[in-house]
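Colleague: Got a minute to walk me through this one? I'd like the overall picture and then a few residues.

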Amino acid sequence: MSLASVRAFFAEKAPDIAVIESDMSSATVALAAAAYGVEPARIAKTLSLRVGDQVVLIVAAGTSRMDNKKVKARFGGKPKMLDAGAVAEVTGHEVGGVCPFGLKTPLPVYCDVSLQAFDEVVPAAGSTHSAVRIAPMRMAELVAAEWVDVCGERDDAL
């Protein structure tokens, strides 16, 4: 279902972008980097957070770390990661396949500036075995994301 919603999203909004599938799992940044042959930082991970009464998605470079102080300052409250059940319920995507495309529920999407270091990033595409290759600016445009600075130093110890 989730992969289908992502395919439908791209068929409607960006038919030139193909969803790619891998026999290898891409459920973590390290696995996704190996599956798609890119450095871990190019994996665009999607974090599902609750800040107060609002759920937001933050897409960031794979090796970046969310900075709780920056998130709190930007969104006005302490961020809490959603559990796997809540993530699937609001996004329609399973953990490991969460992305800002083809969402079950419209959610505000934010792209962290850490993605701007790359000409192309590889976010998941609704399942633990699918992804897309896309320019960060195009991704932000397609999902009407706002650019934010809410991540800190890279975490190279994957």
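Modeller: Sure. One term before we start: helices and strands here are DSSP runs, at least four residues for a helix and at least two for a strand, numbered from the N terminus. With that in hand, Thr128 is found in the loop between strand S7 (122–123) and strand S8 (130–131). Keep in mind that this is a predicted model.

Colleague: Is Thr128 buried or exposed?

Modeller: Buried. Its relative accessible area is 14%, and the cut-off for buried is under 20%, so Thr128 falls on that side.

Colleague: What does Thr128 touch, leaving out residues up to four places away in sequence?

Modeller: There are two runs of residues. One is Met24, Ser25, Ser26 and Ala27, and the other is Glu94, Val95, Gly96 and Gly97.

Colleague: Which side chain does the Thr128 side chain make a polar contact with?

Modeller: That of His129, at 3.1 Å.

Colleague: And how far is Thr128 from Leu31?

Modeller: They are 97 residues apart along the chain, but their C-alpha atoms are separated by 9.7 Å.

Colleague: What about Ser127, where is that?

Modeller: Ser127 is in the loop between S7 and S8. It's buried, with a relative accessible area of 12%. Its side chain makes a polar contact with the side chain of Ser130, at 2.8 Å. Beyond its neighbours within four places in sequence, Ser127 is in contact with Ser26, Glu94, Gly96 and Gly97.

Colleague: Let's switch to His93. Where does it lie?

Modeller: In the loop between helix H4 (84–91) and strand S6 (109–112). His93 is buried, and its relative accessible area is 1%.

Colleague: What is His93 in contact with, apart from neighbours within four places in sequence?

Modeller: Quite a list. It includes Ser2, Ser5 and Val6, then Val87 and Ala88, and also Cys99, Phe101 and Gly126.

Colleague: OK, zoom out. How many helices and strands does the protein have?

Modeller: Five helices and ten strands. The radius of gyration is 14 Å, close to the 15 Å that the globule rule gives for 158 residues, so the protein is as compact as a globular protein of that length. Its C-alpha atoms fill a box of roughly 40 × 30 × 25 Å along the principal axes.

Colleague: What share of the residues count as buried?

Modeller: 51% of the 158. As for the outside, the accessible surface comes to about 7600 Å², and 52% of that belongs to carbon and sulfur atoms.

Colleague: And the charges, how many positive and negative side chains?

Modeller: 16 positive and 19 negative, with the centres of the two sets 6 Å apart.

Colleague: Back to details. What caps the N-terminal end of helix H3?

Modeller: Asp67 does. H3 covers residues 68–75, and a side-chain oxygen of Asp67 lies 2.9 Å from the backbone nitrogen of Lys69. Just after H3, Gly76 takes a positive phi of about 75°.

Colleague: Last one, Gln54. Why is it called partly exposed?

Modeller: Because its relative accessible area is 38%, which sits between the 20% cut-off for buried and the 50% cut-off for exposed. Gln54 is in strand S3 (residues 54–61). Setting aside neighbours within four places in sequence, Gln54 is in contact with Leu49 and Pro108.

Colleague: How far is Gln54 from Ala32 in space?

Modeller: 29 Å, C-alpha to C-alpha, with their positions 22 residues apart in sequence.

Note on methods
Residues numbered from 1 in each chain as written. Predicted model: local features only at pLDDT ≥ 70, side-chain atom pairs only at ≥ 80, totals over all residues. Heavy atoms only, no water. Polar contact = N/O pair within 3.5 Å; in protein donor to acceptor, adjacent residues only side chain to side chain. Buried < 20%, exposed > 50% of the residue type's maximum accessible area, 1.4 Å probe, protein only. Contact = heavy atoms within 4.5 Å. Rg over C-alpha atoms; globule rule 2.2 N^0.38 Å. Areas by Shrake-Rupley, 256 points an atom, 1.4 Å probe, with all protein chains shown as cover. Lys, Arg positive; Asp, Glu negative; His and termini not counted. Charge placed at Lys NZ, Arg CZ, Asp CG, Glu CD.
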